[in-house]
Every structure is written in C-alpha cells, then in structure tokens.
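Please look over the model below before reading on. The text then goes through a part of it step by step.

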Amino acid sequence: MLKLTIRSFDLPLKHTFTISYDSRDVQPTLIVELQHDGHKGYGEATSNPYYGFTIESMTEALENIREEIENSELTSPEEFWARMKPLLKDNPFALCALDLAANDLYGKMKGQPLYKIWGLEANNMPLTDYTIGIDTIENMVKKLKETPWPLYKIKLGTPDDVAIVRELRKHTDAVFRVDANCAWGVEETIENSRQLKPLGVEFIEQPMRADDMEGMKEVYKRSELPLIADESCITEEDVAKCHGHFHGVNIKLVKCGGLTPARRMIAEAKSLGMKVMIGCMTESSIGISAIAQLLPLLDYVDMDGALLLSKDIATGVTIDYGKVEYSDVNGTGATLIA
C-alpha cells in the first residue's frame, strides 16, 4: 500500500526567463510524494502553458485516481507505470510526477541510486549547459558574465539572432548551443546554420514549428549544423518520426510521461543512430535529480533548471561548472526541504 501526498510550489527565478513564445518570473510546480514503509519518493512536474498543463489539471488527474494509486504494490516502477498510463493517458505531466516518485521510492526501498539499479556506471557523463534566456543583448552578456560556464544554451527567436550570438562570442570561448523554440523558417534556419557554425555553435535545437516535418526534411539536407528535436519529439512514437529530419532528440520527462518511457526513447533513438539529449523544464532539484540518473546514457544534457532558481525547495544532485555530482541519498537522490 502506498500513501500519496500532492503539494504545489511557486519556484522563484533569478531572472525573468524568456523564450520565443513565453516569459515568466515564477515557475509553478507540482510535487508528488509516495510513501511506503518509512520511505518517501518524490516526483515533479512543472506547469506549462505551451502544452496546456496546469497545477490544477495535474492535481485533479491524480486525485481522480488516488484510490488506484494508494492500493497499488510497487513491485517495479515499470509495472507501476504500465498500470497508471491508461488512467493518466491525457495528462503526461501528472504521469511524469507520479513515475518519478515511484522510481525514487523504489530506489530508496532497494537501498541504491537508480542509475546503479539500471546497471549504469557514473562515468563518461556529459556536462550540463547553462541557459541564457532571450533579453536585450546587454542583459544576455550580463547573465553570461554572472555565471561563467563551459557550455551555454542560448535561447533565440528574435530578428537579431546571429548578432546576439556574435556579441556573446566576444565575451567567452565556451561552447554554444542555440534553441530557436520553433521561431525560424526553412531558409532562415539554413542561413543561420552557415553563420552560426564559425561562431562555435555545437547544434541548433528545434529551429522550426513542431509540425513542419516537410520543412525539416529540407533543412536536414542543407543545414551546416546538427539539428536536435524538442517540440517535435514529445512521446515514444515521435522518435522514429524525427529520424531523417533531425540528427538527435531532446527528451523531456514531463512530455513523455516520466523516466520509464524516457529510457525506452533513449534506446530507440540510439538504435536509429541519433544523438540523445535530456532537457529540463525549470524544475527544482527533485526533477533535476531524476534527470541525472540518465546521464551515463546521454550525449547531451540540459539540466540547469534548479540553477536558474533564486530559491530551491529540495536538495539532490549538485552541479559545479557543468559537472554533475550525485548525492549520497538513494533513489534519485532528492529530498524535499520546503
């Protein structure tokens, strides 16, 4: 028998965070706690206006199946996910929070970190980038100088995108990744790839609209930089659709429904010869610590969410100059402190 507790928090950001279609100073988030035999497992999902999931809709979805959740046995997270998926088929964000909590609880019950339960070693782990949101060029330079880092993700989607990257390049020799969040067109993406490549950009993330797969086919042929899908890769079914249109996929736990389907997506992408990235949604250390368990499987990672907060609600993995260190807590390594 499990005990379910649902909490919500407003996570305050250090700076206004702006991308091509959204801007915010506070990130609402839902924390799910599953308790069994003295152990507590934590999961998280942030609200997201682009995908239409709110704290209220996630809470309602979970409360509607509280009885089924609390009457479940946690024999394995995968079996638990398979039972919950039909009940939360319309709310992957809620499913994600529940799946993360189940995985964390399972690891704590077994007395091991998740990555060890999965047979992984904590080596060859990619560095996480640090995100610079859209702002005036002056403010973007200021943010970059405020947090020296070996690897930055630059949010783009303005009339001055190349100029922004050119100016930022004057202030650091760090690796750049750029994320247009669906803001560009076909020729614009191709031309930008030509201009961004000599500026030390590693890849372009989601340059065009999520549904413009025909356009992406053309860009894929002619781009001078690798292309990583984000908004075009939401569920397990999308991995194969992105093959031949992108060089890799950025998997978000909340969009696909948690760690359980994310691991399958990673395996499929690798089988297709695609690069694999996991991204975050400005979660606290609860969500970020869950992402960290996947690090040995990844080519790239964007797990700076908790670093963008002015106050965290949890402890877990720590990040120093891009390098992730696991905590000594089992499961995902996260503990709620708020």
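The paragraphs that follow treat a sheet and a helix that lies across it, and then a single residue in another strand.

This is a predicted model. Its open sheet consists of eight strands, with parallel pairing. Read across the sheet, the order is β4-β5-β6-β7-β8-β9-β10-β11. The edges are formed by β4, residues 130–132, and β11, residues 300–302, each of which pairs on one side only. From one strand to the next, the twist averages 25°.

Within this sheet, take the pair β6 and β7. Strand β6 covers residues 175–179 and strand β7 covers residues 201–205. Three bridges join these two strands in the parallel sense. One residue to find here is Val-178, whose bridge partner in β7 is Ile-204. Helix α7, residues 161–169, lies across β6 and β7 and also across β5, which spans residues 151–155. The helix runs at about 160° to β6.

Now turn to Glu-33, which is located in strand β2, residues 22–36. Is Glu-33 buried or exposed? The relative accessible area of Glu-33 is 3%, and the limit for buried is under 20%, so Glu-33 counts as buried. What does the side chain of Glu-33 meet in a polar contact? The partner is the side chain of Arg-7, at 3.1 Å. Arg-7 also appears among the residues in contact with Glu-33 once neighbours within four places in sequence are left aside. The others in that list are Lys-3, Leu-4 and Thr-5, together with Lys-40, Gly-41 and Tyr-42.

Definitions and conventions: Residues are numbered from 1 along each chain as its sequence is written. This is a predicted model: local features need pLDDT of at least 70, side-chain atom pairs count only at pLDDT 80 or more; totals for chains, interfaces and linings use all residues. Side-chain values use heavy atoms; hydrogens and water are left out. Helices (H or I, at least four residues) and strands (E, at least two) are DSSP runs, numbered from the N terminus. Buried means under 20% relative accessible area, exposed over 50%, partly exposed in between (1.4 Å probe, protein chains only). A polar contact is a pair of N or O atoms within 3.5 Å; within protein, one must be able to donate a hydrogen and the other to accept it, and residues adjacent in sequence count only if both atoms are side-chain atoms. Contact means heavy atoms within 4.5 Å. Two strands pair if DSSP finds at least two bridges between them. Axes are lines fitted to C-alpha atoms, for helices over the stretch in contact, and angles run from 0 to 180 degrees between N-to-C directions.
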